[in-house]
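User: I'd like a close look at one part of this model, the side-chain pairings and the packing around them. Could you walk me through that in one go?

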Amino acid sequence: MAEEAKNLETARADRSVWLMKCPTVVSRAWQEAATAAASSSSSSDAAAGANSNSNANPNPVVAKVIVSLDPLRSEDQQLQFKMEMAQTGNGNTPKSYSLNMFKDFVPMCVFSESNQGKLSCEGKVGHKFDMEPHSDKN
């Protein structure tokens, strides 16, 4: 069984990317948003015709990351990261998450494969995070 040779696209290999380990509920919410955007985009394209620009956003906003800086804290704890979901589909799903950054991790890169089988290096992991539901306790 012979495999065809595939080239690895490395144009973005030096780009810094974030790696986040997220709860299943967050992953599902992001997948639902992407699916909704894709179906809305394809239905808009079909209704508008092939030569028209569609107003559907293929990259919907699913969350925002808030970076807090306290200049009075020690250098190790200067930055704090929090993520707020743009919307939640279920009343039991937390809307806010703390992002816990790891300082020491094995250097790594992120790779992707398109639907057409194109392989790409998307960048080097510059920050690695774990997510946990955020509590506003002071």
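Is E122 buried or exposed, and what is its relative accessible area?

Analyst: Keep in mind that this is a predicted model. E122 is buried, with a relative accessible area of 14%. The side chain of E122 meets that of R12 in a salt bridge, with 3.0 Å from N to O. E122 belongs to strand β7 (residues 119–133), while R12 sits in the loop between β1 (8–9) and β2 (16–21), so this pair ties together parts that are 110 residues apart in sequence. Unlike buried E122, R12 is partly exposed, at a relative accessible area of 38%.

On to the next acid, E84. E84 makes a salt bridge with K64, and the closest N and O atoms there are 3.8 Å apart. With E84 in strand β4 (residues 79–85) and K64 in strand β3 (residues 63–69), the pair ties together parts that are 20 residues apart in sequence. Both partners count as partly exposed: E84 has a relative accessible area of 23%, and K64 comes in at 47%. E84 also forms a salt bridge with K82, where the closest N and O atoms are 3.6 Å apart. Back at E122, salt bridges that share partners join R12, R15 and E122 into one network. The count for the model comes to five salt bridges.

Now the rings. There are three aromatic pairs. One of them is W18 with F81: the ring centres are 5.6 Å apart and the planes stand at 90 degrees, so this pair is edge-to-face. It links distant parts of the chain, as W18 is in strand β2 and F81 in strand β4, 63 residues apart. W18 is partly exposed, with a relative accessible area of 40%, whereas F81 is buried at 9%. F81 also pairs with F129, again edge-to-face, at 5.0 Å centre to centre and with 70 degrees between the planes. Since F81 lies in strand β4 and F129 in strand β7, that pair ties together parts that are 48 residues apart in sequence. F129 is buried, just as F81 is. Put W18, F81 and F129 together and you get one aromatic cluster.

Another ring has a charge for company: K128 lies over the face of F102, at 5.6 Å from the ring centre.

F81 and F129 turn up again in the packing. The largest nonpolar core has eight residues in all: V26, F81, M83, M85, Y97, L99, F129 and M131. Strands β4, β5 (96–102) and β7 each supply at least two residues of this core, and β4 gives the largest share, with three residues.

M83, a member of that core, is worth a stop. Leaving aside residues up to four places away in sequence, M83 touches M20, V26, W30, A63, K64, V65, K95, S96, Y97, L99 and M131. Among those contacts are the core residues V26, Y97, L99 and M131. K64 is on the contact list too, and that is the lysine whose salt bridge partner is E84.

So strand β4 is a handy place to start if you're tracing this in the viewer: E84 lies in it, F81 does as well, and it supplies the largest share of the core. For a second stop, try strand β7, where E122 and F129 are found.

Technical notes: Residues are numbered from 1 along each chain as its sequence is written. This is a predicted model: local features need pLDDT of at least 70, side-chain atom pairs count only at pLDDT 80 or more; totals for chains, interfaces and linings use all residues. Side-chain values use heavy atoms; hydrogens and water are left out. A salt bridge is a side-chain nitrogen of Lys or Arg within 4 Å of a carboxyl oxygen of Asp or Glu. Helices (H or I, at least four residues) and strands (E, at least two) are DSSP runs, numbered from the N terminus. Buried means under 20% relative accessible area, exposed over 50%, partly exposed in between (1.4 Å probe, protein chains only). Rings of Phe, Tyr and Trp (its six-membered ring) pair if their centres lie within 6.5 Å; planes under 30 degrees apart count as stacked, over 60 as edge-to-face and the rest as tilted. A charge sits over a ring if NZ of Lys or CZ of Arg is within 6 Å of the ring centre and within 35 degrees of the ring normal. A nonpolar core is a set of buried Ala, Val, Leu, Ile, Met, Phe, Trp, Tyr and Cys residues joined through side-chain atoms within 4.5 Å. Contact means heavy atoms within 4.5 Å.
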